[in-house]
Amino acid sequence: ALLSNQEALDYSTNPFNHLQKIAVLDKPASLRIGKDYPRLDGATAFAYVYAAFLKATYELPAGYPLESAVLSKDFHLFSISTSRGGYTALIEKKADIFFGLEPSEAQRQEARRAGVGLRFVPIGKEAFVFFTSVDNPIDSLTLEEARGIYSGKIRNWKELGGDDAPILAFQRPENSGSQTIMENKVMNGESMITPLREELIQEMGGLITAVADYRNGRRALGYSFRWYVTSLHAIPGLKLLPLDGIAPTPENIASGRYPVITPFYAVVREGHTSPQIEALLTW
């Protein structure tokens, strides 16, 4: 079902309010953690992934419902600090495992300044997608065209066979997960154009809403991750654009055919571990 903006915010900030949306195993997990619980944090786009891990493996004491993992001061085992805040929480020892994408160079430098080494355990992969209004006559992009738009070389949809209208290319801030992937995997060394104030969106959900609701939606273009756009913050009126003629379907992600696929990780501090952390990583 499509969500209102407030519902989407609620889903992303506390998945345990919506237990029916969290994936469950067909049988009990082979791992049960009943003490010294690792504190989990991560990027919004992967909140339901690590919420499912916690739900499957954490065994709270009698009298503490699962929601206590989020809400109770006795536990506070689950946070969603986004990529920017999550890496800082991990480095500052406020979280034990971060779930999300590769860090930006600035985040790597932050870890080095703090004398913290980071260990990356790949746990899945996701498609990085571009989206626009369903009213936009453009139905696909090439990677070269995407780079052209975000480097400023292509500024009008008519250059791509669309309307004679400027392209409003929304961006995310530095050190957000999506911006890091955009810079590292799409731009291929080219610098991104400096966005106008209205083109720079702080939160991923805000970017999706901006593309959907912009006063002339046929002009707008944005980027995110497939699951975030199609499930967590699904909004009517948007379409995903195939890249190089390949749609971001689960099958094309699994096979590796889609051009921009990124792994996501469970990240821990080197040398900071426990039997429970290692057991959860192995599981």
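Two strands are taken to pair if DSSP finds at least two bridges between them. Helices (H or I, at least four residues) and strands (E, at least two) are DSSP runs, numbered from the N terminus. The structure is a predicted model, in which local features need pLDDT of at least 70 and side-chain atom pairs count only at pLDDT 80 or more, while totals for chains, interfaces and linings use all residues. Residues are numbered from 1 along each chain as its sequence is written, and side-chain values use heavy atoms, with hydrogens and water left out.

The secondary structure of the protein chain comprises eleven helices and seven strands. Of its 283 residues, 53% are buried (under 20% relative accessible area, with over 50% counted as exposed and values in between as partly exposed; 1.4 Å probe, protein chains only). The accessible surface of the protein chain amounts to about 13,100 Å², and carbon and sulfur atoms contribute 49% of it; accessible areas come from the Shrake-Rupley method with a 1.4 Å probe, and for residues only the protein chains shown count as cover. Among contacts (heavy atoms within 4.5 Å) in the protein chain with a separation of 6 or more, 73% are between residues 24 or more positions apart.

Confidence is expressed as pLDDT, the predictor's confidence in each residue, from 0 to 100. The mean pLDDT of the protein chain is 85, with 86% of its residues at 70 or more. Among the elements of the protein chain, the lowest mean pLDDT (47) belongs to helix α1 (residues 5-13) and the highest (97) to helix α11 (residues 275-282). Over residues 1-9 pLDDT stays under 50, and the model has 14 contacts beyond four places in sequence for these residues. Where pLDDT is low, the predicted coordinates should not be read in detail.

Strand β7 (residues 261-269) is mostly covered, with eight of its nine residues buried. Strand β2 (residues 97-100) pairs with β7 in the antiparallel sense over three bridges, and Phe99 has Ala266 as its bridge partner in β7. Strands β3 and β7 also run antiparallel and are joined by nine bridges; here Glu126 stands opposite Thr262 of β7.

Strand β3 (residues 118-133) pairs with β5 as well, in the antiparallel sense and over five bridges. In β5, Leu221 is the bridge partner of Thr132. Strand β4 (residues 168-169) pairs with β5 in the parallel sense over two bridges, and Leu168 stands opposite Ala220 in β5. In a regular strand the side chains alternate between the two faces of the sheet. In β5 both faces are covered: Ala220, Gly222 and Ser224 are buried on one side, and Leu221, Tyr223 and Phe225 are buried on the other. Six of the six residues of β5 are thus counted as buried.

A pair of aromatic rings is described by the distance of the centres and the angle of the planes. Rings of Phe, Tyr and Trp (its six-membered ring) pair if their centres lie within 6.5 Å; planes under 30 degrees apart count as stacked, over 60 as edge-to-face and the rest as tilted. A search of the whole structure finds 16 aromatic pairs. The rings of Phe128 and Phe130 form an edge-to-face pair, because their centres are 5.7 Å apart and their planes stand at 90 degrees. Phe128 is buried, at 0% relative accessible area, and Phe130 is buried at 0% relative accessibility. Tyr150 and Tyr223 also form an edge-to-face pair, with ring centres 5.3 Å apart and planes at 65 degrees. Tyr150 lies in helix α6 (residues 143-151) and Tyr223 in strand β5 (residues 220-225), so this pair ties together parts that are 73 residues apart in sequence. Both tyrosines, Tyr150 and Tyr223, are buried. Ring pairs link Phe46, Phe128, Phe130, Tyr150, Tyr223, Phe225 and Phe264 into a cluster.

Two helices were examined further. Helix α7 (residues 177-186) has seven of its ten residues buried, so it is largely enclosed by the rest of the structure. The buried residues of α7 are Gly177, Ser178, Gln179, Thr180, Ile181, Met182 and Val186. Asn188, just after α7, takes a positive phi of about 55 degrees. Helix α5 (residues 105-113) contains Gln107, which is buried, with a relative accessible area of 4%. The side chain of Gln107 reaches the backbone oxygen of Ser83 at 3.3 Å.

How values were computed
Polar contact = N/O pair within 3.5 Å; in protein donor to acceptor, adjacent residues only side chain to side chain.
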